[in-house]
Every structure is written in C-alpha cells, then in structure tokens.
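The following paragraphs lead the reader through a few local features of a protein model. Please keep the sequence and the structure in view while reading.

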Amino acid sequence: MTLQSPQMESSQTNTTDQTPLLPLLKEHFGFTSFRPLQEEIIRDALDGRDVVALLPTGGGKSLCFQLPALARTGLTLVVSPLIALMKDQVDALQANGIAATFLNSSLSAQEFQVRLRAVYRGEYQLLYMAPERLMLPESLNDLQKWQVNLLAIDEAHCISEWGHDFRPEYRRLVELRERFPALPIMALTATATSRVQDDISKLLKLQNPATYVASFNRPNLTYRVQAKASPAEQVLAFLQAQPQESGIVYCQSRKTTELLAERLQTHGIKAQPYHAGLTPEKRSRHQELFLRDEVQVMCATIAFGMGINKSNVRFVIHYDLPKNLESYYQETGRAGRDGLPSECLLLFSAGDAMKQQRFINDKPSIRERELARTQLQQMVHYAECPTCRRVELLGYFGEKFTSENCVGCDNCLSPRDSFDGTEIAETLLSCVETIYETSGFSVGLNHVIAVLTGANTEKIRRWGHNQLPMYGQGKTHSRSAWAAMARELIRLGYLRQATEAFSVLELTQQGQAFTQERHTITLTKPISEPARTAKPSDEGAHDESLFDGLRRLRKTLADERDVPAYVIFSDVALRQMAQDYPSNEQEFLRISGVGSRKLEEFGAAFLGTIAEYLESNPRQSFSGTSTVSTPSARTPGKPKPLNETTRETLRLFQRGFSVDHIAKQRKLATSTIYGHLEQAIQAGESVDINQFLTSEQQGQIAAAFAKTGLGNLAGAKELLGDLYDYGQLRLFRALHTKNGD
C-alpha cells in the first residue's frame, strides 16, 4: 500500500481532527486531561503536519505520537535509539491494552518473523525500530507495503553534532523524507538549544513544521550543590536519609562507579555499577534490576540514561562535575518523571573542573577545545553562582524564570552569606593588570594566584614577577579561596577567561573602569556542605503504611508479568490510592493512571488490598495541602540485623581465617569482607582487632586518627599513605567508636 500525502488525506484529516481525544486518553491511559501542549501537538499530527516537539523529561512526549495511533487506522512508526527504551514503552503500551511491538536485534529470528508477519497483517498500531534497522534496504522495502501514517523520531537531538548525544546513524533518516515525501514526521526531544532545534528541522528536511517548545522548568525538582569533600561519605549520608528511595549517582570514571557501588553495598544499600566497560549482558541485567526496584541505586557513567523510563527515580546525584549544562539538565531530568518531589545534588570541587580542562586540552580541534571550554565555564558558573539555580539553568535554554524565589534550590532555600570584597577585587584586578603592563602578555589564573600567594616557581623567577608590588600580598587567603573569588569576579563581569589556545585572564572594560574609579563590590561566600533541609511540598499527604502495602503488591504483579513495577501503576497512582481509599470500581477509576484495561486487570487486587488494610487500620483523614512525610534516617545507634552473607563472613573470621583468605574463598572483594566485619561490630558482635592489626600498626593508626579525629577517615588515610587500606581503617574506627574511645 502506497503512502498518501496530507493533501490526499485532507477529507479524512478534517474528520479525524474532530475526533474526541479525551475519551481515548481516559480509556487507554487513565488520564482526564492533557499536559501543556500535548493536545495541540496531537491535533497537528492528525492534520498531517510535520511537528517538532520539545517537552521536558516527564512532560509526556510519548503520548504525543501514541494517542494519534489510537485515533485512526494505520501504523505509527517510532524511531527509538535504544533497545531498552523500546521494550520499556512497548511493555507500558501493552499493559494499557494497546497493540504495540518492536523489531530489533534482541529477538530471535523466529520471533522477528512472527512479529513482522503481524505487522503486514495490520495487527499493530505502533511499531518501534532503531534507525540502523529501519534504514536497511529490506526495511525500506517493507515500509512501502505498510500503511504508515506517521513517522515519530524520538530523541531527535541525536541528529545534531551540537547535541549532547550525537548519533551519526540518525543523519540517514533524511532518506525517508526523500523516499516518502508525503509521510508526516514528528521529531521529539526533551532538551535542545536553539541551534539543535534548527539542526533537527534542517537535517530532516521538515516542511514548514509546527514547533512546540514547552517550559524547561521542572518545578518538582530541587537543585542543590555541595562542596565536594568526602564524596562517598556525602553520598552515603544522602542515601541513609531516604533508605527506600530509588536514584542514580553519575560518576565520571568506570572505576569510580564500581568502587562506589561496592562501598554502598557494604552499608546495606542495594547498588550496582553501570558503564560501557561491562559486558552487554551485565549492563542489561543491572538495568533490569534497577527498573524493577530490586536495585535501589545505580552508580553509572553517562552510558546510562537515555533508555531509562523509570518514573519513580527520586534523586539524581552528580558525584563528578558534568562537562556541560545540557548534559546536566538531561541527567537530572531522569528524576521525578512522575511529577513527585525529587532531589538533584551536585558535588562540586574546582579540582573536577581542572580534570575536565585536561581532557579538553587533548581534543584535536581548536574549535572543539574552544566550545568545550565555554561549556565548562558555564557549568562551573552554575555550580558556584549565588543566585537562583533555576534561573541559571533555564536561562541556558533561552527561557526566563521570573519568580524571585523558586523555593526549589539551595540558593533560594538557604541563601549564602555575602561580604565586602572590594579590597580583594582591587588586589586581584591590579595584579592581572600589572602583570600585563610589565610583561606585555597575559597569564592564567593559577599564575596570578601564585604571584599573590608568594609562590617561588620557575616562571615567576624567570619573568621577574617576584619583583611586582603585589607579590605575596595575598598570603592571608588560600589558593582555593583566591580561585573561588576570581571565578566570581569572572561571573560578575570584571574579568574574562579566554577560551582560545591559552586560557589566560584579562580585565574586561568593567574591570578596567573599576581600577580607575573604585566602588563597592559584594562577593558571596563559597558553597559549603549545608545541613539538609526539606523542600516545602504541595503534594497531598497519604497513608504511608497502606502505600507500602500497595507498593509490595505492585512489585508482585510486575514480577509475575516480567515488567518494571511502574508499568503496573506509578507512585502517583499508589499515593492517591493511599489517600482516597477507593472501595469500588467507580472510585478506582478516578485514580490518575487507571483506565478500563487496568481496572479490569488490576482493580480487584488493589481494591482487595485496600479493603483488607482497612479491616485492621483506621482510615486517616487528609485535608488541605499537607507535606508528604519522607522516610527518616535510621535511628543512630540502632544496629542493623546481620544478613546471612555477613554472618558467614563473621563465622569464618572468628574461626581464625584472614580477610584475604575469606575474600578468596567467598569470591568477594576484600573491601566487601571488611564491610561485613564493620557491620558485625556495629551490631555488637565480637571481632578481635589483633587478628588483622599488630600492636605497632594499631599505634600508627591511632596516632593518625588523633590528628584528624575519628570522623575524618580520608584525612587519616592521607596521613598513612598506602600502609593501610580503607577497610582496615574503618574496622579500627568501628571498634574504637564501639568502645567509646
């Protein structure tokens, strides 16, 4: 069957455009209203127009092509970049009673042919394929015989080399426009700058597309930045404050993902690593465990993310500094897709920025290096800015956020103190100016700071900068403090840091004006590790005990069907059930996300659980808007019960076996064995310190902790060097803490 042009379909289009969409929305997806821009996008698609849709993560992009597929006959073809993403969406569609499938390399040859024949028979409304598979000659020939009425290209930013996930195979999709010029195309993405938006339209040869750009604001996300001190400890403290919640920790290196996951496991947290160096089978297994709530935390590189459609990710932590704001926005956007309050925490240190700078210096192209340096400066500016983080983030995408207080970032919730920085600014700007005037060239920030702090380097001696009047004038401040203040002067427009071949520091016109006519400059104290404060929430309160019971039921039903838990119901739906206590089918249908198919399949089970719960528990009353209570940290001092694997390690240790022997026998890392023993000590079990440390070694460790304090594990490790590993130090500390030393 040949594809018809929009002009040839005009009579059908006008009829279809009048099709009531809300009944379809409720019946198949359980919703009673559209999110912003969804209905307009759907109407244009049904009219046969090309569409570019930029909706934030969690903004309902998928519905924009899924609902049109239900409103008319024919096939909607969806281009999707990842197998996991296809399976996830198809599972969710089938759970809603929608005929959808995918064709990809995960299928056996026999299953592939079975599905292909069903597509030919017109049994499916949506078909998902990767661009590589779709552009094969045999697939292109198949397209001519299927009744395709819409081509939806998901993650469309992949077509642009300016996008953060550029995939060359997306460039070939333009051949579909050339081969099927009348086929309407919908290009969708969650994040794209104006330059990427232009690339999408141009490279796909879209014809007068209707372009929809929703707000990039995610009001349910709280953005925080902490000074990176002991990052593993910071992550652990964050997780222990919300022990049942699910989230992602993004790390720069593969090794860090593995070490951090192992560290979390020793503290009883279900965590797994994910990076490109793992086998495909292991990556797939870890992702599946995370999607099914059997793994709480995924410690991952940026290799993990695009295919993650998990709606109940409650937090995203950046263990290391992202390379640009677009990546940061995309990665934080994986939290709170269900619209419930979620946290985004960035651990920042200037050292991470220096590491990124070294990677940038290795790029072969001058143009690439300049672009990467600019993007890194924007990322550092965001991390250190004293103003609303939401304003900074949305401004990057060209959107203006007008509220004075977003009530959703650390700078708005707990503004940092400011101070009179006029003298500091004068000293720093004068130093930059004098170096240029006396030497005839500009230098980098590190050299300026070296002059101010009186460093005795070869360059300072060679260039005679130790003879300058401001040499050594800044010794009262540390190098890191000077660097932070200099970066703020860059943000305020007094200094410029070049992004060309040499990253030198220069005065701007504003800076030159200040040196000639001084005025007051106010600076902000650098970020520190703040006390954790809860964001006020307007989410309705609910019966948490019932919610936990419903969550267990959801997990059981999901396991039986071999799908992720959120495919059954989202957290939003479960919390509404735990608030409204529906007692019959009509009341159950009022729950967000409950359509006729889910009522038929799951209604009895959930209504039964709610009724059984109310037989022995009082119905709670929820009025007005109350803040949902969150799980509190485990009570200090209350020992966690030992599981069987920890007890087995303890039994072997008490029989006299060494840590190395136990690790080898049990095929576990030594750090895991040390973690087991630490848990045993905390639970009150007997562990003999003399079995793994001599008296002399104990004395050395005690001396180190005497200088740093028992709370500073990293400091003690630094003092002791490679003499002892972290596991030995943790055990020593655990024993001495238990004994009240």
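**Two helices in contact**

In this predicted model, Gln38, Ile41, Ile42, Ala45 and Leu46 of helix H3 are in contact with Leu63, Cys64, Leu67, Pro68 and Ala71 of helix H4. Sorted by character, the residues of this contact comprise nine nonpolar, one polar and no charged.

How are the two helices placed with respect to each other? Helix H3 covers residues 38–46 and helix H4 covers residues 63–71; their axes come within 9 Å and cross at roughly 50°. An angle from 65 to 115 degrees would count as roughly perpendicular, and one under 35 degrees as roughly parallel. H3 and H4 are therefore described as oblique to each other. The crossing of these two helices is right-handed.

**Two residues with positive phi**

Attention now turns to the backbone in two loops. Asparagine 208 has a phi near 45°, a positive value in a residue other than glycine. This asparagine lies in the loop that runs between helix H10 (194–203) and strand E7 (210–213). Is asparagine 208 buried or exposed? Its relative accessible area is 63%, and the limit for an exposed residue is over 50%, so asparagine 208 is exposed.

Aspartate 293 is also a residue other than glycine with a positive phi, here near 65°. Its position is in the loop between helix H13 (280–291) and strand E11 (297–300). With a relative accessibility of 27%, aspartate 293 counts as partly exposed, because this class lies between the buried limit of under 20% and the exposed limit of over 50%.

Terms used:
Residues numbered from 1 in each chain as written. Predicted model: local features only at pLDDT ≥ 70, side-chain atom pairs only at ≥ 80, totals over all residues. Heavy atoms only, no water. Helix = DSSP H or I, 4+ residues; strand = E, 2+ residues; numbered from the N terminus. Buried < 20%, exposed > 50% of the residue type's maximum accessible area, 1.4 Å probe, protein only. Axes fitted to C-alpha atoms, helices over the stretch in contact; angles between N-to-C directions. Parallel < 35°, antiparallel > 145°, perpendicular 65-115°, else oblique. Left-handed = near helix turned anticlockwise from the far one by under 90°. Contact = heavy atoms within 4.5 Å. Nonpolar A, V, L, I, M, F, W, Y, C, P; charged D, E, K, R; others polar.
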